[in-house]
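Trainee: I have not looked at this model before, and I would like to go through it slowly. Please show it to me first.

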Amino acid sequence: MRILLGIGNPGIKYNETWHNVGFIILNILAQQLKVNFKPSKHDYYFAEGSYQNNDFLLIKPTTYVNNSGIAASHIIEKYSVELNDFLVICDDLNLPKGEIKLKQNGGDGGHNGLASIIYHLNSNKFPRLRFGIGNNFDKGDMADYVLSKISLKDFELIDKNLNLSIVLLTDFILGGMKNMLNSFSRNNNKLKND
């Protein structure tokens with residue numbers, strides 16, 4: 001089984017905000033894979049299914065971004081999954097809007113949700129898909145920016161890479177990080193040539 005956890009904040013007021021890109025991407029993926037999110041007895045919503053005979057579980061924590069690690073540690077323990085089969089999807093201020101970066105492990109890059117997961121898992125050895133949200137805000141306005149709604153114009157700007165994210169995540173379900181990296185390389189070359 002492969003587990004994909006999106007970082008975001010629960011509640012209608014946070015829908016379609018930059019900090020919820022992880023949830024946005026998982027919602028699109030769930031639609032495509034024809035699964036629905038259900039509440040668990042713990043601190044997350046989950047959707048489970050099988051894609052081409054590969055079992056998967058999608059997770060959206062309900063603890064707010066800064067405590068995402070609570071859900072992550074419970075899931076890893078419950079399903080006894082190896083960390084290389086556990087992928088985190090999150091927003092990244094250090095990347096231009098819509099740019100995707102895949103990492104097999106590493107630090108939190110200043111992201112409190114990733115920091116929480118690293119802390120609760122006592123490890124940074126898990127893959128992640130980081131989705132750029134840009135950093136076009138004045139000093140001291142970061143919180144307002146990440147919690148602001150994504151405009152229609154910005155959705156149009158990032159649409160192609162939202163779709164690419166879905167391709168990459170289905171490739172992760174099918175064959176793990178190596179498969180996803182190969183797909184990213186192929187698709188990136190294709191996007192450059194389009």
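Trainee: Which residue forms a salt bridge with Asp85?

Mentor: First, this is a predicted model, where local features need pLDDT of at least 70 and side-chain atom pairs count only at pLDDT 80 or more, while totals for chains, interfaces and linings use all residues. Residues are numbered from 1 along each chain as its sequence is written, and side-chain values use heavy atoms, leaving out hydrogens and water. A salt bridge is a side-chain nitrogen of Lys or Arg within 4 Å of a carboxyl oxygen of Asp or Glu. In the case of Asp85, the closest N and O atoms of the pair are 3.1 Å apart, and the partner is Arg2.

Trainee: How many residues apart in sequence are the parts that Arg2 and Asp85 tie together?

Mentor: Arg2 lies in strand 1 (residues 2–6), whereas Asp85 lies in the loop between helix 2 (68–79) and strand 5; helices (H or I, at least four residues) and strands (E, at least two) are DSSP runs, numbered from the N terminus. The two residues sit in separate parts of the chain, so their pairing ties together parts whose separation in sequence is 83 residues.

Trainee: Are Arg2 and Asp85 buried or exposed?

Mentor: Buried means under 20% relative accessible area, exposed means over 50%, and partly exposed lies in between, with a 1.4 Å probe and protein chains only. Arg2 and Asp85 fall into one and the same class, and that class is buried.

Trainee: How many salt bridges does a search of the whole structure find?

Mentor: Side chains of opposite charge can pair when their charged atoms come close. Arg2 and Asp85 are one such pair here. When the whole structure is searched, the number of salt bridges found is 3.

Trainee: Which residue forms a salt bridge with Arg130, and how accessible are the two partners?

Mentor: Arg130 is buried, with a relative accessible area of 5%, and Asp92 is buried as well, with a relative accessible area of 4%. The closest N and O atoms of Arg130 and Asp92 are 2.7 Å apart. Arg130 belongs to strand 7 (residues 128–132) and Asp92 to strand 5, so this salt bridge ties together parts that are 38 residues apart in sequence. The partner of Arg130 is therefore, with its own area of 4%, the residue Asp92.

Trainee: How many residues apart in sequence are the parts that Lys97 and Asp154 tie together?

Mentor: Lys97 forms a salt bridge with Asp154, and the closest N and O atoms of this pair are 3.2 Å apart. Lys97 lies in the loop between strand 5 and strand 6 (100–103), while Asp154 lies in helix 5 (residues 152–193). The pair therefore ties together parts whose separation in sequence is 57 residues.

Trainee: Which residue of that pair counts as buried?

Mentor: Lys97 has a relative accessibility of 29%, so it counts as partly exposed. The partner has a relative accessibility of 14%, so the residue that counts as buried is Asp154.

Trainee: What is the nearest side chain of opposite charge to Lys60?

Mentor: Lys60 lies in strand 4, and although Lys60 is buried, it has no salt bridge. Lys and Arg count as positive and Asp and Glu as negative, while His and the chain ends are not counted. On that basis, the nearest side chain of opposite charge to Lys60 is 12 Å away and belongs to Glu16.

Trainee: What is the phi of Glu16?

Mentor: Glu16 is placed in the loop between strand 1 and helix 1, and it is partly exposed, with a relative accessible area of 45%. Most residues other than glycine have a negative phi. Glu16 is not a glycine, yet its phi is positive, at about 60°.

Trainee: Is Lys34, with its positive phi, buried or exposed?

Mentor: Lys34, which is not a glycine, has a positive phi of about 60°. Lys34 lies in the loop between helix 1 and strand 2 (38–39). Its relative accessibility is 74%, so Lys34 counts as exposed.

Trainee: What distance separates the C-alpha atoms of Phe46 and Leu57?

Mentor: Phe46 is found in strand 3 (residues 44–51), and with a relative accessibility of 16% it counts as buried. Phe46 and Leu57 are 11 residues apart along the chain, and the separation of their C-alpha atoms is 6.8 Å.
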